[in-house]
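Here is a short report on one model, taken sheet by sheet and then at its ligand. Keep the structure open while reading.

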Amino acid sequence: MRVIVAGGDGFCGWPTALHLSNQGHEVAILDNLSRRKIDDELNSNSVLPIASIEDRVDKWKEITNKEIHIYKGDLNHYDFLSMVMKQFQPEALVHFAEQRSAPYSMIDREHAVYTQSNNVIGTLNVLYAIKEFAPECHLIKLGTMGEYGTPNIDIEEGYIEVEHNGRKDIMPYPKQPGSFYHLSKVHDSHNIMFACKAWGIKATDLNQGVVYGLQTEETLKDPVLSNRLDYDGVYGTALNRFIIQAAINHDITVYGSGKQTRAFLNIKDTVRCVEIAMNNPADTGEFRVFNQFTEYFTVQELAEKVQKVANSKEINVDIKHLDNPRVEAEAHYYHAVNTKLKTLGLEPYLLTDEVIVEILESALAYPNRIKKENVLPTISWR
Ligand code: NAD
């Protein structure tokens, strides 16, 4: 299949582009490299050095003889996007290309506006570009489990049957997101659902949990193919951030009580979930929603798992509870359904000690790249 991976230079997009290329698909990466510029803005970095996008795809060609096309540019520039769609004629478009940090979106007005305009208008442009230039193209859009929030009932996969005044209907599941970033994903979901209905677009919204892990089968083939490893208080995701704190003998810092429960998955499962969605496209006009996660944990459980593995490597770190910089429920019910991807064949990699060891050892190999001043939260929701 001819597939565009938008955001294919990022943490999820790069391994996905390699995985799809490895499966024999013709892959083009579209990316404006904004994530690398945000590292400069935040004086931050990936723990593992990452090669330029050109060096990455050259190395992939050298090792596998498979070509990945690069389109450097912004989804918000419609002329550029139109050119790409006309030239490449994708059968699938995997859309990772958004500003994805909740804390970044909460820095101030400018960062909230940037996040929502980048994400919402980018996705709107993608919808128009599919309608105009590739109407059969299946849109596979990365949403997030954070769109749902933490309701006191089970979270269904996108839709819920509601009975009201004696009548029943299947309605979109209510969304209660917790940051301007998460709100941008909800706005995207509404726009996509409407475009499916109005124009007959085929779309799958992958409501992904928090991704942990680092490498995949493909990124391990050469150090130049390495994935990025974020650890700072802005882009580091919970488990990865705790492991890097342990690697530098820093306390593991849990926000508030740590009883917040979230859905998680390994980056190795992200790439397979996208592949499964691509091989089993939505129908014409269908807005399909999959909950893309494999397990859930409380933040405290993750901290304890990291502490235990660190201890086994003779690294003794404490778990500290910080005042929660976010506005979120700390003790709440959490049960979410995730059957659709499993029904289509996903066999999850679960979170074992070995997974934590692998990330810890990668971090221990680059102690001088970890900026200690970046591991604590600096952005408040209030
Ligand atoms: P990332 O920041 O590492 O990658 C995003 C990529 O998109 C970057 O390379 C960036 O340069 C590019 N990009 C951003 N805006 C763009 C634009 N307007 N035009 C072109 N390129 C643009 O993020 P990630 O962790 O790989 O996340 C990818 C997607 O998955 C995001 O949509 C995110 O919301 C979603 N997601 C991620 C996680 C997670 O834990 N990482 C969890 C749930 C959902």
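## The three-stranded sheet

S9 (210-212) and strand S11 (residues 261-266) pair in the parallel sense, with three bridges between them. Within that pairing, Tyr 212 has Asn 266 of S11 as its bridge partner. This is a predicted model.

The two strands belong to an open sheet of three strands, ordered S9-S11-S13, in which the pairing is mixed. S9 and strand S13 (295-298) are the edge strands, and each pairs on one side only. From one strand to the next, the twist averages 45 degrees. Helix H10 (residues 299-312) packs on this sheet. H10 touches S11 and S13, and its direction makes about 90 degrees with that of S13.

## The seven-stranded sheet

A second open sheet holds seven strands. What is their order? The strands run S3-S2-S1-S4-S5-S8-S12, with parallel pairing. At the edges are strand S3 (68-72) and strand S12 (287-292), each paired on one side only. Here the twist averages 20 degrees from one strand to the next.

Strand S1 (residues 2-6) and strand S4 (residues 92-95) run parallel and are joined by four bridges. Val 5 has Val 94 in S4 as its bridge partner.

## Helices on that sheet

Helix H1 (residues 13-22) packs on the sheet and touches S1, strand S2 (26-31), S3 and S4. The direction of H1 makes about 165 degrees with that of S2.

Helix H9 (residues 267-279) packs on the sheet as well. H9 touches S1, S4, strand S5 (138-144), strand S8 (202-208) and S12. Its direction makes about 145 degrees with that of S5. S1 and S4 are thus touched by H1 and also by H9.

## The hairpin

Strand S6 (residues 159-164) and strand S7 (residues 167-172) run antiparallel, joined by six bridges. Tyr 159 has Pro 172 in S7 as its bridge partner. Two residues lie between the strands of this hairpin. Which residue takes a positive phi in the hairpin of S6 and S7? Asn 165 does, with a value near 50 degrees.

## The ligand site

There are 29 residues around the ligand. Asp 31, Arg 100, Asn 118, Tyr 181 and Lys 185 come nearest. By class, the shell has 11 nonpolar, 11 polar and seven charged residues.

Three side chains illustrate the polar contacts. In the side chain of Asp 74, an N or O atom is 2.9 Å from a nitrogen atom of the ligand. Asn 118 places a polar side-chain atom 2.7 Å from a ligand nitrogen atom. For Tyr 181, an N or O atom of the side chain is 2.6 Å from an oxygen atom of the ligand. How much of the ligand does the protein bury? Taken alone, the ligand exposes 830 Å², and the protein buries 97% of that.

Several elements give two or more residues to the shell: S2, helix H2 (34-41), S5, helix H7 (180-199) and S9. The site therefore draws on both sheets: S2 and S5 sit in the seven-stranded order, while S9 is an edge strand of the three-stranded one.

Notes. Residues numbered from 1 in each chain as written. Predicted model: local features only at pLDDT ≥ 70, side-chain atom pairs only at ≥ 80, totals over all residues. Heavy atoms only, no water. Pairing = 2+ DSSP bridges. Axes fitted to C-alpha atoms, helices over the stretch in contact; angles between N-to-C directions. Contact = heavy atoms within 4.5 Å. Near = heavy atom within 4 Å. Polar contact = N/O pair within 3.5 Å; in protein donor to acceptor, adjacent residues only side chain to side chain. Areas by Shrake-Rupley, 256 points an atom, 1.4 Å probe, with all protein chains shown as cover. Nonpolar A, V, L, I, M, F, W, Y, C, P; charged D, E, K, R; others polar.
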